[in-house]
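The following exercises invite the reader to work through a structure step by step. Each task is followed by its solution.

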Amino acid sequence: MNMLKAGYADNSTAQSVASKADTSYEGQYTSLMGKVIAISGAGSGIGLATAKLLCSAGARLSLLDNAKEPLENAAEDIRKNHATRLDVNSSSSDILTTVADIRTSVAVEAWIEKTVSHFGALDGAVNLAGVIGKSVGVSNLTEISDEEWLFVNEVNLHGAFYATRAQLRAMVKLGQGPRSIINASSTAGLEGNRKNSPYVASKHAVIGLSRCAAKEFGHLGIRVNAIAPGLINTPMLQSLPAERDGHNDFLLKNSQSLGRRADPEEVARTIAFLLSRDSSFITGAVISIDGGQIC
Ligand SMILES: NC(=O)c1ccc[n+]([C@@H]2O[C@H](COP(=O)([O-])OP(=O)(O)OC[C@H]3O[C@@H](n4cnc5c(N)ncnc54)[C@H](O)[C@@H]3O)[C@@H](O)[C@H]2O)c1
């Protein structure tokens, strides 16, 4: 097959030429060594991959999720298999876990207060807790119920607001940066989709939230960026109804440049870059990680 053709007919071929996920990062992201990073949505998908990568880079982590068992399993796995920097993160006290709903402002404030009182620092935060909702691929805007609209926006937008606000409050108290916050938008934050309006609206709004925070807190050395992942192989993507999945397959074959879904580790690497000093002049940006989906 001619690999240079626009788009791969066979997604497995495209996957095989892609760089494989690599979570062994000793020696890279040295500026993250010993840093304290809070991650929401850490029990699954991109959040879990990010927690593993940051731990292997020597960061100390405060992980939040509303799913208790996946979060506890994640923390155990990370301690056992990814705490490669034994000098800095060999002890269980270097990974804090908090089971909480990101929609509850008080719980989110408490998560960040607990993080700062445990570690005495907060160098970075990654806000990934998110849901796609039941209406994706199924309901037009006129068919969206109040409940569906509120649920998706409360998790994706209000949750990102509560987290970013709590993190900024703590960071301001801790004094001049460098510090970095990353919020999860999506390619759905950059363009309209049919039958996905609650999610699309929430992800557009996350970009506005992140840009305002970048403008307001840059003078204190706090950078705030949004990421816009495309099709990433996680439980969220795997949960999509057949209609939406078919649409994504069409996209991969006909329009997305690399013609494949990404592994969550490929997003985690961009997040690590945005947390690290290598991205010291990047703030208020929306970084696409979409294999050329929107270009
Ligand atoms: N997978 C993709 O293709 C993709 C693409 C673009 C953007 N994103 C965004 O990236 C982020 C991570 O997505 P993922 O694919 O890893 O999804 P995922 O479903 O694998 O993980 C999301 C995590 O968020 C947690 N969560 C959900 N609701 C919560 C709540 N109310 N409080 C606390 N935690 C909650 C879940 O328990 C889960 O562990 C999301 O914000 C998502 O919208 C994902």
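The exercises below treat two strands, their partners and the surroundings of the ligand.

Residues are numbered from 1 along each chain as its sequence is written. The model is predicted: local features need pLDDT of at least 70, side-chain atom pairs count only at pLDDT 80 or more, and totals for chains, interfaces and linings use all residues.

**Exercise 1.** Determine how strand β2 is covered and how it is joined to β1 and β3.

*Solution.*
Step 1. Helices (H or I, at least four residues) and strands (E, at least two) are DSSP runs, numbered from the N terminus. Strand β2 spans residues 60–65.

Step 2. A residue is buried if 20 or more other C-beta atoms lie within 10 Å of its own, exposed if 12 or fewer, and partly exposed in between, with C-beta atoms placed from the backbone. In β2, 6 of 6 residues are buried. One side carries R60, S62 and L64, the other L61, L63 and D65, and both faces are covered.

Step 3. Two strands pair if DSSP finds at least two bridges between them. Strand β1 (residues 36–40) runs parallel to β2 and is joined to it by 5 bridges; V36 has R60 as its bridge partner. Between these strands the chain passes through helix α2 (residues 45–56), in a right-handed β-α-β crossover. Right-handed means that, with the strands pointing away from the viewer, the path from the first strand over the helix to the second runs clockwise.

Step 4. Strand β3 (residues 95–99) is also parallel to β2, through 5 bridges, and I95 in β3 stands opposite L61.

**Exercise 2.** Carry out the analysis for strand β6.

*Solution.*
Step 1. Strand β6 covers residues 222–229, and 8 of its 8 residues are buried. I222, V224, A226 and A228 lie on one side, with R223, N225, I227 and P229 on the other.

Step 2. β5 (residues 179–184) pairs with β6 in the parallel sense over 6 bridges; S180 is partnered with R223. Together with helix α7 (residues 197–217), β5 and β6 make a right-handed β-α-β unit.

Step 3. β7 (residues 286–289) runs parallel to β6, joined by 4 bridges, and I287 in β7 stands opposite I227.

**Exercise 3.** Which residues come nearest to the ligand?

*Solution.*
Step 1. A residue is near a molecule if its C-beta atom, placed from the backbone, lies within 6 Å of it. Of the 27 residues around the ligand, G41, S44, G45, G130 and T234 come nearest.

Step 2. Helices α2 and α8 (235–238) are the elements that give two or more residues to this shell.
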